[in-house]
Structure formats: C-alpha cells, structure tokens
Amino acid sequence: MQKIYKINNYLPNQYDYEKKFNVNHNYLTEQFSDHELILEKIKKVVLNNDFTLGKEVDYLEEDFANLIGVKYAIGVGSGTDALFLSLKSIGIKEGDEVITTPFTFYATIGAIVTAGAKPVFADICDDYNINASEIEKKINSKTKAILPVHWSGKPCDMDAIRDIANKYNLTIVEDACHAILAKYKNKNAGNLGDIGCFSFHPLKNLNVWGDGGIITTNDPSINHNLRLIRNHGLSGRNTCEIFAYNSRLDTIQAVVARHMLNKIEFITEKRIYNAHYLDKGLKNISELKLPNREKHLTEVFHLYMFECERRNELKSFLNQNNIDAKIHYPVPMHLQPAAKSYGYKKGDFPKSEKLCLRVISLPVHEFITKENLDYMINKIQEFYR
C-alpha cells in the first residue's frame with residue numbers, strides 16, 4: 001500500500017530562508033527593478049483580453065527563433081513541458097527508451113517517464129556532461145532518442161553525439177534549459193540537435209514571472225506536431241486533429257520574456273565575466289578542482305560549479321558567512337526513490353555519484369559585484385587555510 005503523507009508547499013519557507021544571505025543565488029528583485037515597464041506592456045494584454053496564445057507569444061517565438069538561429073520556436077507552459085512535448089512530438093511511447101544522464105535535474109527524467117519511455121542512463125565526463133563514448137553501449141532496438149543535458153550552460157560533445165545519432169537513426173532532444181546563448185563551435189545550443197528545449201523559470205538566465213518554456217527546431221514536421229499537441233490538438237477553433245495536451249505559454253509571460261530578451265546579451269556577458277573572475281581567484285587552491293574551459297565552447301554559467309574537498313563543511317562555512325552556496329544536486333537521478341523500479345543501484349554510474357558528493361555552486365549572476373566575488377574567494381581561501 002502506498003504511504004500517504006502530507007506534502008506541503010516547501011518553497012515559501014525556502015525563499016524566506018534564502019533572503020538572509022548577502023551574496024545570494026536569488027537576484028529577482030534587482031533583475032525586475034524595472035517591473036513598471038513590464039506592467040505597462042501587460043496592461044495592453046489585459047485591455048485586449050489576449051491572454052491565451054496571444055500576439056505576444058507569436059512575437060516571442062519569432063524573436064527567439066532568430067536569436068537561436070533556427071526556423072521555428074514554439075512557446076509552451078514550462079521547460080519540463082518543452083522536454084515532454086518534444087518527446088511526444090517524435091512519437092515516444094510505452095516501451096521506448098531514451099538515453100540521458102543521471103547528473104541532471106528531476107525534470108529531465110520526469111519528462112522521459114511521463115512521455116511513456118524508460119530513462120536509460122549513460123555516465124558523465126569530468127565536465128559534468130554525458131559521456132558520448134558511454135552512449136553507444138546503451139543503444140538497443142528500443143532506443144528512440146538521445147537526450148543530452150547542457151549542464152549549467154556548458155554544451156555537450158555534440159559532434160560525437162550527432163555521429164552516434166546518425167549511425168543508429170536516433171533523434172537528439174537537447175535539454176538546453178540552462179543554456180540559452182551557450183555555443184558549441186559558434187553554434188547555439190538549441191540548434192545542435194533535432195529539437196532544443198529551454199526553460200523560462202524565474203531562476204534561469206532568461207526568466208519570466210512564473211513557469212514558461214520554449215522549443216526550437218528546424219524540422220517543419222516537428223514544428224507542426226508541437227503546435228498541435230501544446231493546444232489540445234487543435235488546428236483551428238472547431239477542428240481537433242488529435243486529442244492532446246494543454247501547455248500554452250501565457251501571453252503575459254511572453255511579454256516578460258520579450259522584455260528580458262533585450263537584456264540577454266548583457267546577462268550572458270556578465271555571467272561569463274564573473275565565472276572567469278572566480279576561476280582566476282580559485283584556481284590555485286589545491287583542494288578544489290575547477291572544470292576545464294574548452295576554447296570551442298561558450299559556457300553561459302547558469303550555475304558556477306566546482307569539485308571540492310570537505311564539501312559539506314565548506315557549504316556550511318560559506319552559509320555561516322552569508323554566502324548562498326548550494327549543492328546541485330546531492331543525489332543522482334538513478335538513486336532517487338522514483339527510479340527504484342528501474343533497478344539501478346549504487347556504483348552503476350561512478351562519475352555521477354562521485355560528483356554528487358563533491359560539487360558545490362556559487363552565485364554568479366549579473367548582479368554579483370566584484371566585492372562579492374572577492375569576498376567569496378577570500379572566504380574559500382580562509383576555509384582551506
């Protein structure tokens with residue numbers, strides 16, 4: 001019998017707790033200090049009663065497609081829905097398998113499972129991304145897609161993944177939820193596979209006032225399927241082509257996203273600057289292991305992460321010194337309770353398991369000052385002294 005217990009909304013308490021940190025991952029007050037401008041734009045939506053798949057959604061889709069360099073962009077209800085609907089758009093069904101990484105956020109795996117497929121894991125490399133050489137070992141007749149995650153805004157080894165996909169006729173669905181304007185050999189994430197999935201969650205690099213997401217593709221058939229299945233399967237007011245889902249990007253959120261698109265170049269450049277500044281300040285601490293920064297990649301640092309000795313002690317020390325250090329994430333996906341039925345066990349993916357015990361994240365967003373950066377560096381140096 002399933003154990004029933006009360007599940008509270010834990011987020012308000014989390015938000016209240018995090019407010020105490022001087023150097024914080026949450027920067028939304030500063031980022032939306034110009035909210036009056038957004039509210040003026042939203043007034044037009046209200047006056048026009050244009051709430052559902054309104055004109056601003058069309059404008060955002062065009063703007064976003066141009067930004068990423070693709071033919072099509074399709075606004076949806078969340079980054080999770082972007083992943084789920086992308087899988088459904090290529091016909092994923094019960095019994096199919098999708099290969100992905102165990103070192104990711106829950107939504108990646110949840111989208112695979114709710115689409116009807118089995119998540120099949122391939123371990124990661126030192127860069128926290130899926131190891132392309134492990135993917136081919138997992139392919140069988142049930143495999144239908146590869147779902148690489150550009151973790152923390154660092155693109156995966158897409159040439160190798162594309163070669164494997166072509167060899168076995170598999171679809172590549174990019175989880176680019178961390179990776180807006182991340183580049184692999186000067187080509188944007190979201191334009192490296194067959195489908196790209198982005199999140200507009202409030203703490204993503206481009207964010208809105210709630211949930212939202214967008215999907216990119218160059219394939220007209222996938223574009224057609226996605227536009228149907230995000231809106232009940234409707235091709236018009238009175239014609240339902242297939243019975244499908246309701247995952248429309250709200251027009252109000254499209255207004256916010258378009259407003260943020262005007263800032264995305266600055267946001268990206270500032271995050272890159274802050275991350276490189278931290279790299280310089282931390283590189284000589286022997287107890288830390290920073291990721292390599294490959295020249296053919298542009299990382300956009302949704303998270304600034306590194307490995308460290310005595311990770312939990314360091315986190316506590318930084319928190320005590322008003323630095324909002326976090327762990328993303330302490331338990332890999334194959335060891336989560338939800339994955340128990342798939343039969344994975346500790347030791348199956350040693351790289352992922354090791355990193356979950358060693359990684360830590362520091363705030364790196366565009367409102368982090370040079371003083372904040374120096375303070376974090378000094379405190380980490382003090383801890384290891």
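**Exercise 1. The sheet**

Work out which strands stand at the edges of the open three-stranded sheet in this predicted model.

*Solution.* Start with the order of the strands: β7-β6-β13, with antiparallel pairing. Recall that strands of a sheet pair through backbone hydrogen bonds, either parallel or antiparallel. Next, look for strands with a single partner: these are β7 (187–188) and β13 (297–298). They stand at the edges, so one side of each has no neighbour in the sheet.

**Exercise 2. One pair of strands**

Find how many bridges join β6 and β13, and which residue stands opposite lysine 183.

*Solution.* Locate strand β6 at residues 183–184. Its antiparallel pairing with β13 runs over two bridges. Across from lysine 183 you find threonine 298, in β13.

**Exercise 3. Two packed helices**

Describe how α5 and α9 pack, and sort the residues of their contact.

*Solution.* Two packed helices are described by the angle between their axes and the distance between the axes. Take α5 (residues 79–89) and α9 (residues 220–229): the angle is about 120 degrees, and the axes lie 9 Å apart. That makes α5 oblique to α9. The crossing is right-handed. Now list the contact. From α5 come Leu85, Ser86, Lys88 and Ser89; they meet Ile222, Asn225, Leu226 and Ile229 of α9. Sorted, the contact residues give four nonpolar, three polar and one charged.

**Exercise 4. Confidence**

State which elements of the protein chain have the lowest and the highest mean pLDDT.

*Solution.* Begin with the whole chain: its pLDDT averages 97, and 100% of the residues score at least 70. Then go to the elements. Helix α1 (residues 11–18) has the lowest mean, 86. Strand β5 (residues 171–175) has the highest, 99.

Definitions and conventions:
Residues are numbered from 1 along each chain as its sequence is written. This is a predicted model: local features need pLDDT of at least 70, side-chain atom pairs count only at pLDDT 80 or more; totals for chains, interfaces and linings use all residues. Side-chain values use heavy atoms; hydrogens and water are left out. Axes are lines fitted to C-alpha atoms, for helices over the stretch in contact, and angles run from 0 to 180 degrees between N-to-C directions. Helices (H or I, at least four residues) and strands (E, at least two) are DSSP runs, numbered from the N terminus. Angles under 35 degrees count as roughly parallel, over 145 as roughly antiparallel, 65 to 115 as roughly perpendicular and the rest as oblique. A crossing is left-handed if the near helix is turned anticlockwise from the far one by less than a right angle, and right-handed if clockwise. Contact means heavy atoms within 4.5 Å. Ala, Val, Leu, Ile, Met, Phe, Trp, Tyr, Cys and Pro count as nonpolar, Asp, Glu, Lys and Arg as charged, and the others, Gly among them, as polar. Two strands pair if DSSP finds at least two bridges between them. pLDDT is the predictor's confidence in each residue, from 0 to 100.
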